[in-house]
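Trainee: Could we go through this model together? I would like to see how each label is earned.
Mentor: Gladly. Let us put it up and start with the overall picture.

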Amino acid sequence: MLYNLVLLCPFQMHSNLLDDISYLLLHIKKNYEENLTLNDIAKSANLSPNYFVRKFKDYTGYSPLQYATVMKMERAKYLIEQSNESISAIMEKLGYLDSSHFSKLFKKYCGYSPKKYREITCARTK
């Protein structure tokens, strides 16, 4: 995914900024299970939060929050498909405390509730 985002990057961006954004993409990808704040992420690359958000979105097409959510939903899909962990355990592992919020996000991202997604993916593997 990072490789694809690098290919989409505008050429006019300064290479140091590209390095910063690439670093931050990896930082978010490695730490998406934590509740990262914009200030923490921006600070890790010595950027102001507003500048960071604007440049991150220019670079990726996503806000940092949207990007982290995509990472979490991809991980949730994988865990629902590949593990026997309860949906609640998966939700908590990804940093969600409200099952209703998690289910709404998952359904928006995948088109199915987490429970229905598990039923569908389990039925395919049998």
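Trainee: How many helices and how many strands does the protein chain have?
Mentor: This is a predicted model, and its chain has eight helices and zero strands. Read from the N terminus, the elements run α-α-α-α-α-α-α-α. Buried residues make up 37% of the 126 residues. Of the contacts with a separation of 6 or more, 57% are between residues 24 or more positions apart.

Trainee: Let us turn to helix pairs. Why are H4 and H5 called oblique to each other?
Mentor: The axes of H4 (residues 49-60) and H5 (residues 64-82) cross at roughly 60°. Roughly parallel needs an angle under 35 degrees, and roughly perpendicular runs from 65 to 115. The angle of roughly 60° fits neither range, so H4 and H5 are oblique. Their axes come within 9 Å.

Trainee: Which residues of H4 and H5 meet there?
Mentor: From H4 they are Phe52, Val53, Phe56 and Lys57, and these meet Pro64, Gln66 and Tyr67 of H5. By class, that contact has five nonpolar, one polar and one charged residues.

Trainee: What makes H5 and H7 roughly perpendicular?
Mentor: H5 and H7 pack at about 90°, with their axes 10 Å apart. The perpendicular range is 65 to 115 degrees, and about 90° falls inside that range, so the label applies. On the H5 side, the contact is made by Thr69, Val70, Met73, Glu74, Ala76, Lys77 and Ile80. On the H7 side, Phe102, Leu105, Phe106, Tyr109 and Cys110 take part. The residues of this contact divide into nine nonpolar, one polar and two charged.

Trainee: Why is the pair of phenylalanine 102 and phenylalanine 106 called tilted?
Mentor: A search of the whole structure finds five aromatic pairs. Phenylalanine 102 and phenylalanine 106 form one with 6.0 Å centre to centre and 40° between the planes. Rings pair if their centres lie within 6.5 Å, and stacked means under 30 degrees while edge-to-face means over 60. The distance of 6.0 Å qualifies as a pair, and 40° fits neither of those two labels, so the pair is tilted. Both residues lie in H7 (residues 99-110), four residues apart, about one turn of the helix.

Trainee: How do you know that phenylalanine 102 and phenylalanine 106 are buried?
Mentor: The cut-off for buried is under 20% relative accessible area. Phenylalanine 102 has 0% and therefore counts as buried, and phenylalanine 106, at 0%, counts as buried too. Phe102 and Phe106 also form one aromatic cluster with Tyr96 and Tyr117.

Trainee: What makes you say that a charge sits over the ring of tyrosine 96?
Mentor: The charged end of lysine 72 is 4.8 Å from the ring centre. The distance limit is 6 Å, and the charge must also be within 35 degrees of the ring normal. The value of 4.8 Å meets the distance limit, and lysine 72 is assigned as sitting over the ring.

Trainee: Is serine 63 buried or exposed?
Mentor: With a relative accessible area of 17%, serine 63 is under the 20% cut-off and therefore buried. Serine 63 is found in the loop between H4 and H5. Leaving aside neighbours within four places in sequence, serine 63 is in contact with Phe56 and Lys57.

Trainee: And why does isoleucine 41 count as buried?
Mentor: Isoleucine 41 has a relative accessible area of 5%, which is under 20%, so isoleucine 41 is buried. Isoleucine 41 is found in helix H3 (residues 38-44). Not counting residues up to four places away in sequence, isoleucine 41 touches Leu24, His27, Ile28, Leu36 and Phe52.

Conventions: Residues numbered from 1 in each chain as written. Predicted model: local features only at pLDDT ≥ 70, side-chain atom pairs only at ≥ 80, totals over all residues. Heavy atoms only, no water. Axes fitted to C-alpha atoms, helices over the stretch in contact; angles between N-to-C directions. Helix = DSSP H or I, 4+ residues; strand = E, 2+ residues; numbered from the N terminus. Parallel < 35°, antiparallel > 145°, perpendicular 65-115°, else oblique. Contact = heavy atoms within 4.5 Å. Nonpolar A, V, L, I, M, F, W, Y, C, P; charged D, E, K, R; others polar. Buried < 20%, exposed > 50% of the residue type's maximum accessible area, 1.4 Å probe, protein only.
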